[in-house]
Amino acid sequence: MTKFTKFLTTSALALCTATGAFAAETLTISTWLPPSHPVNTGMFTQLTDMMAEASDGLIETELKNGLAPPPAQMDLLLDGAADIAILFHGYTPGRFVGTKLVEIPGYEGNAEAASVAHWRLHEAMLSELDEHRGVKVIALTTHGPGQIHSNKEVNTLDDLQGLKTRLGGGVSADVGRSLASSAFRCPRPRFTKHSIPGPPMPWP
């Protein structure tokens with residue numbers, strides 16, 4: 001049996017682990033998403049049930065919110081402050097490059113197909129880049145094509161000029177720079193139990 005210890009995401013989500021022997025174990029899950037977010041209520045709940053079943057009840061989990069902001073989740077795991085976490089690759093520029101492949105502009109498919117393709121490509125090629133050294137990736141996911149939300153009508157690329165545009169990082173930041181818009185990058189805010197739930201998945 002291996003001990004689950006690390007977890008992360010790109011425009012995607014990547015669950016990660018480190019190995020080690022254990023008897024009964026309570027694993028800490030770090031999340032920066034609001035309590036009602038489907039990642040917490042669905043994905044982590046299902047993962048907890050799967051680990052409990054596979055270990056005959058020896059593995060339990062404790063979900064903790066606010067241990068660190070989104071960009072610090074990888075370091076949180078490497079420091080041993082959490083066993084499982086969710087990391088958005090785009091919030092750590094320069095650290096994850098190969099994962100940008102799943103965000104190629106112009107893709108019109110859906111999140112499920114893209115996530116499956118991302119995992120298969122990771123197993124076949126991207127894992128060799130060793131960008132997740134120190135952790136073991138156990139899942140990857142991504143959402144569908146992003147959209148522009150603006151308080152001003154945008155019909156052409158020229159309409160983006162001069163707009164202050166929030167970009168999450170990764171490929172969206174690269175595209176923003178290429179378009180020469182007044183783009184800036186900022187991570188999604190840290191959520192508390194009083195936060196209003198966000199969209200189903202972290203947006204780039």
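Two strands count as paired if DSSP finds at least two bridges between them. The views below come from a predicted model.

**View 1. Overall fold of the predicted model.** The protein has 4 helices and 8 strands. Along the sequence, these elements follow the pattern β-β-β-α-β-α-β-α-β-β-α-β. Of the 204 residues in the protein, 40% are buried.

**View 2. Strands S3 and S4 pair side by side.** Strand S3 covers residues 25–31. Strand S4 covers residues 59–65. The two strands run parallel and are joined by 7 bridges. One residue pair to look for is threonine 28 with glutamate 62, its bridge partner in S4. Helix H1 spans residues 38–54. Together, S3, H1 and S4 make a β-α-β unit, and this unit is right-handed.

**View 3. The largest nonpolar core.** This core holds 13 residues. Which of them touch the most other members? They are Trp32, Phe44, Met51, Ile84 and Ile86. Two elements, strand S3 and helix H1, give two or more residues each to this core. The largest share, 4 residues, comes from H1. Apart from this core lies another one, of 5 residues. Its members include Ala68, Leu76, Leu77 and Ala82. In soluble globular proteins, nonpolar side chains tend to be buried together.

**View 4. Helix H3 and its two sides.** Helix H3 runs over residues 111–124 and has 14 residues. From first C-alpha to last, H3 reaches 20 Å, close to the 20 Å expected at 1.5 Å a residue. Which residues of H3 are buried? Ala114, Ser115, His118 and His122 are. These four lie on the same side of H3, because they cover an arc of only 100° around the axis. Glu112, Arg120 and Glu123 sit on the other side of H3 and are exposed.

**View 5. The N-terminal end of H3.** Asparagine 110 caps this end of the helix. A side-chain oxygen of asparagine 110 lies 3.2 Å from the backbone nitrogen of glutamate 112. Alanine 111 also belongs to this view, as a residue of helix H3. Is alanine 111 buried, exposed or partly exposed? Alanine 111 is partly exposed, because its relative accessible area is 28%, and buried would require under 20%.

**View 6. Alanine 111 beside histidine 143.** In sequence, alanine 111 and histidine 143 are 32 residues apart. In space, their C-alpha atoms are 4.4 Å apart.

Notes: Residues numbered from 1 in each chain as written. Predicted model: local features only at pLDDT ≥ 70, side-chain atom pairs only at ≥ 80, totals over all residues. Heavy atoms only, no water. Core = buried A, V, L, I, M, F, W, Y, C linked by side-chain atoms within 4.5 Å. Buried < 20%, exposed > 50% of the residue type's maximum accessible area, 1.4 Å probe, protein only. Right-handed = clockwise from strand over helix to strand, strands pointing away. Expected span 1.5 Å × (residues − 1). Arc of directions from axis to C-beta. Polar contact = N/O pair within 3.5 Å; in protein donor to acceptor, adjacent residues only side chain to side chain.
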